[in-house]
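This report describes how side chains are arranged in one protein chain. Please keep the sequence and the structure in view while reading.

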Amino acid sequence: MEETGGCRFYYLIHPSKLTYDEAVGACLKDGAEIAKVGQMYAAWKLLGYDRCDAGWLADGSVRYPISRPRRRCSPTEAAVRFSGFPDKKHKLYGVYCFKGQH
């Protein structure tokens, strides 16, 4: 988990992959909200967040942040990789959550 001023951006460890609605619910159940694209970029850029797991974000896109390029994960560059806008009801992915200051 990466922290900035009491806020946390993290990939939710969950026993199964999730539809978009399940992903939103899983973050809520964890006391967080589904992360926004900007929160992923901030964690990647400012904190060097690196996770080779595609996960849902609030806008319905699926992305993952890579700070250390390697063979199976963005081999040529450090980047937030974009996997598109999959079918929210049928495609299953992990989820990135964000906890603000409460």
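In this predicted model, Arg-8 lies over the face of Tyr-10, at 5.9 Å from the centre of the ring. A comparable arrangement involves Lys-88, whose charged end sits over the ring of Tyr-20, 4.2 Å from its centre.

**Helix α1**

Tyr-20 also belongs to helix α1, which spans residues 20-29. Which residues of this helix are buried? They are Tyr-20, Ala-23, Ala-26 and Cys-27. These residues cover an arc of only 120° around the axis, and therefore they lie on the same side of α1. Asp-21, Leu-28 and Lys-29, on the other side of α1, are exposed. The cover over the buried residues of α1 includes the strands β3 (33-34), β4 (55-56) and β7. After α1 comes Gly-31, which has a positive phi, near 80°.

**Helix α2**

The second helix can be described in the same terms. In α2, the buried residues are Gln-39, Met-40, Ala-43 and Trp-44. Because they cover an arc of only 130° around the axis, they are placed on the same side of α2. The exposed residues Lys-45 and Leu-46 are carried on the face of α2 that is turned away from its buried side. Among the elements that cover the buried residues of α2 are β2, β3, β5, β6 (79-82) and β7. Gly-48 follows α2, and its phi is positive, near 70°.

**The nonpolar cores**

In soluble globular proteins, nonpolar side chains tend to be buried together. The largest nonpolar core of this model has 15 residues. Which of its members touch the most other members? They are Phe-9, Ala-35, Met-40, Tyr-49, Leu-57, Tyr-96 and Phe-98. At least two residues of this core come from each of β2 (7-11), α2 (37-47), β5 (62-66) and β7 (94-99). Met-40 thus appears in two roles: it is a buried residue of α2, and it is a member of the largest core.

Ala-35 shows how parts of the chain meet in this region. Leaving aside residues up to four places away in sequence, Ala-35 touches Phe-9, Leu-57, Ala-58, Tyr-96, Cys-97 and Phe-98. A second core, separate from this one, contains 13 residues, including Leu-12, Leu-18, Ala-23 and Ala-32. Ala-23 is also one of the buried residues of α1.

**Aromatic pairs**

A pair of aromatic rings is described by the distance of the centres and the angle of the planes. How many aromatic pairs does the model contain? The count comes to eight. One of them joins Tyr-11 and Tyr-96 in an edge-to-face arrangement, with 5.1 Å from centre to centre and 65° between the planes. This pair links distant parts of the chain, since Tyr-11 is in strand β2 and Tyr-96 in strand β7, 85 residues apart. Both of these tyrosines are buried. Another edge-to-face pair is formed by Phe-82 and Phe-85, with 5.6 Å from centre to centre and 70° between the planes. Phe-82 is partly exposed, at 44% relative accessibility, and Phe-85 is exposed, with a relative accessible area of 54%. Ring pairs also link Phe-9, Tyr-11, Tyr-49 and Tyr-96 into a cluster.

**Salt bridges**

Side chains of opposite charge can pair when their charged atoms come close. Across the whole structure there are seven salt bridges. The table gives the separation of nitrogen and oxygen for some of them.

| Residues | N to O distance |
|---|---|
| Lys-99 and Asp-30 | 4.0 Å |
| Asp-53 and Arg-51 | 2.6 Å |
| Glu-77 and Arg-81 | 3.2 Å |

The bridge between Lys-99 and Asp-30 links distant parts of the chain: Lys-99 is in strand β7 and Asp-30 in the loop between α1 and β3, 69 residues apart. Is Lys-99 buried or exposed? Lys-99 counts as buried because its relative accessible area is 17%, under the cut-off of 20%. Its partner Asp-30 is partly exposed, at 33% relative accessibility.

In the other two bridges of the table, the partners are partly exposed. Asp-53 has 24% relative accessibility, and Arg-51 has 26%. For Glu-77 the value is 40%, and for Arg-81 it is 29%. In addition, Asp-50, Arg-68 and Arg-70 are linked in a network of salt bridges.

Technical notes: Residues numbered from 1 in each chain as written. Heavy atoms only, no water. Core = buried A, V, L, I, M, F, W, Y, C linked by side-chain atoms within 4.5 Å. Buried < 20%, exposed > 50% of the residue type's maximum accessible area, 1.4 Å probe, protein only. Helix = DSSP H or I, 4+ residues; strand = E, 2+ residues; numbered from the N terminus. Contact = heavy atoms within 4.5 Å. Arc of directions from axis to C-beta. Phe/Tyr/Trp six-rings, centres within 6.5 Å; stacked < 30°, edge-to-face > 60°. Lys NZ or Arg CZ within 6 Å of the ring centre and 35° of its normal. Salt bridge = Lys/Arg side-chain N within 4 Å of Asp/Glu carboxyl O.
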